[in-house]
Amino acid sequence: MRLTQRLALQSAIVATTLVAIILAAVEWRVRHRVEIAAAANALGEEAANGALLAAIRHDVAWASLFALLVALLLARSFAHSLTVPMEELRDVARDLAGGDLTARPSRSLGSGEVGELGEGLRQLAEQMETRLWEMQSEEALLVALTESLNEGIVAVDARKRVVRINETGRQILGLRQALPFPASDLPQQSDLTDALQLVMTGAPPIFREIRLDDRTVALTVRALRGGGAVLAMYDLTQVRRLETVRSDFVANVSHELRTPLTIIGGFVETLQDDDVPPDLRRKFLGMAEANVQRMQRIVDDLLDLSRIESGGWRPAPVELELTEVAAEVFAPMQLRAGDKGVTLTTEFDPAAVLVMCDPTAAGQILSNLAENALRHTTAGRVTIYSQREGDGIWMGVRDTGSGIPAEHLPRIFERFYRADPGRSREAGGTGLGLAIVRHLAEAHHGKVKAESTVGAGTTIAVWLPTPTS
């Protein structure tokens, strides 16, 4: 039943009830008074009529009061039947407005406008809950997508507030502020701020390479529909460093091979002359052979690096005694060390005498480190040592040689990198020994370190993990 029909019906019931009560009361009281008046005719007609009229008025007043009381009770009952569902709808609407999308009106509201309103509110709540779930799912998907990117993503709205930034973006820009925060908190690097300002004022997308502190970053800035802009940043630091290393490698290997080839070519050209004395011919042949052997060592070391890097060689770790490995490494060096006045010693931590390492790799690591140390030490000592640290063991070589300047230490494990190129080549090094050491350590899930003081000596070591039982 419609609300208007319901109100009209209830009003009609109240009015009819009032009239019926009053009429019934009046009729009953009039009859009663007429009977009394007929019995009291002896009092006189005027007095009797007056008394009758007063009695009727008194009865009508009481009947009206009683009818009003009944009407009030009926009205209260009817009003309660309307206000209770309306209050329920009000409470549900408040809960929904407060964020509680689980609130629902009961299904006992009946039919008519109130029931339809309750049903509409229930459907609205269900739609809001569904839409909110969809929005949350979309938000979670968007966050997962942006966080999985290697690029840094930063979204700036039309009011120049950063409203979204992924973890890569925070790392590149060095930001930890909670969202949202003003775009002025972004690094004030002119290329970055200018690109953002241009795009937000209507410029087409901008692509450029910028420097942010010690990073090289590929920056893309695009406008957002409705105002604002999105910045995409890709960290090119590692790529540019690898390009530099590759360029240096090509230049270095070319130089390393060109030098002995030039020497060999000169000797061959000289030896073509039949007038070269036999002793000089033997000397030239010996020098040519030495340069051939040098090129052979370079090629062998390059092949070793290639096998390790490509996964063609895999370590087979076994338990080794470092005392035995050190003795094998020092054996072929004793004569040269004695000629230079250098003492070869060992210092092993009692808790770090046994190490898990591939036998060939262990020998090559310590041999390369010891050869380097002896090559750059003119007096004092070269020491193979070990030390336990955490769940692994450091094994390395310590010398009292010339030392390495601090600015060269971060790059000494690169291929063909030399802190003193001329001296290293004269001493016979290939420039690949430390690179091989680093790759062998990484193949064992280890790491390398280098410490040096110019004029005091150098310590280079490899950390190898100790397997747990």
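Start by selecting residues 206-223 and looking for Asp 213: in the hairpin of E4 and E5, with two residues between the strands, Asp 213 takes a positive phi near 55 degrees. Keep in mind as you click around that this is a predicted model.

Now color the two arms of that hairpin. Strand E4 covers residues 206-212 and strand E5 covers residues 215-223, and they pair in the antiparallel sense over seven bridges. Want to check the register by eye? Pick Ile 210, whose bridge partner in E5 is Val 217. Then try Arg 208, which stands opposite Leu 219 in E5.

Next, follow the chain onward to strand E6, residues 229-235. E5 is joined to E6 by seven bridges, and this pair runs antiparallel. For a landmark here, show Val 221 and find Leu 231 across from it in E6. Which residue in the turn between E5 and E6 has a positive phi? Select Gly 226: its phi is about 90 degrees, and the hairpin has five residues between its strands.

Time to zoom out. The strands you've just visited belong to an open sheet of six, and if you read across it the order is E3-E2-E1-E6-E5-E4, with antiparallel pairing. Which strands sit at the edges? They are strand E3 (181-182) and E4, and each of them pairs on one side only. While you have the sheet on screen, turn on the side chains: in a regular strand they alternate between the two faces of the sheet.

Leave the sheet and select residues 237-271, which make up helix H6, then highlight Arg 246 within that helix. Is Arg 246 buried or exposed? Arg 246 counts as exposed because its relative accessibility is 57%, and the cut-off for that word is over 50%. Add Arg 415 to your selection and draw a distance between the two C-alpha atoms: they are 9.5 Å apart, although 169 residues separate Arg 246 and Arg 415 along the chain.

For the last stop, switch to a surface view and select Glu 319, Glu 321, Glu 324 and Glu 328. These residues gather in a patch of negative charge on the surface. Strand E7 (318-321) and helix H8 (322-330) are the elements that give two or more residues to the negative patch. To finish, click on Glu 324, which you'll find in helix H8.

Technical notes
Residues are numbered from 1 along each chain as its sequence is written. This is a predicted model: local features need pLDDT of at least 70, side-chain atom pairs count only at pLDDT 80 or more; totals for chains, interfaces and linings use all residues. Side-chain values use heavy atoms; hydrogens and water are left out. Patches are made of residues with over 30% relative accessible area and no salt bridge: like charges are joined within 9 Å, nonpolar side chains (Val, Leu, Ile, Met, Phe, Trp, Tyr) within 5 Å. Accessible areas come from the Shrake-Rupley method with a 1.4 Å probe; for residues, only the protein chains shown count as cover. A salt bridge is a side-chain nitrogen of Lys or Arg within 4 Å of a carboxyl oxygen of Asp or Glu. Lys and Arg count as positive and Asp and Glu as negative; His and the chain ends are not counted. The place of a charge is taken as NZ of Lys, CZ of Arg, CG of Asp or CD of Glu. Helices (H or I, at least four residues) and strands (E, at least two) are DSSP runs, numbered from the N terminus. Two strands pair if DSSP finds at least two bridges between them. Buried means under 20% relative accessible area, exposed over 50%, partly exposed in between (1.4 Å probe, protein chains only).
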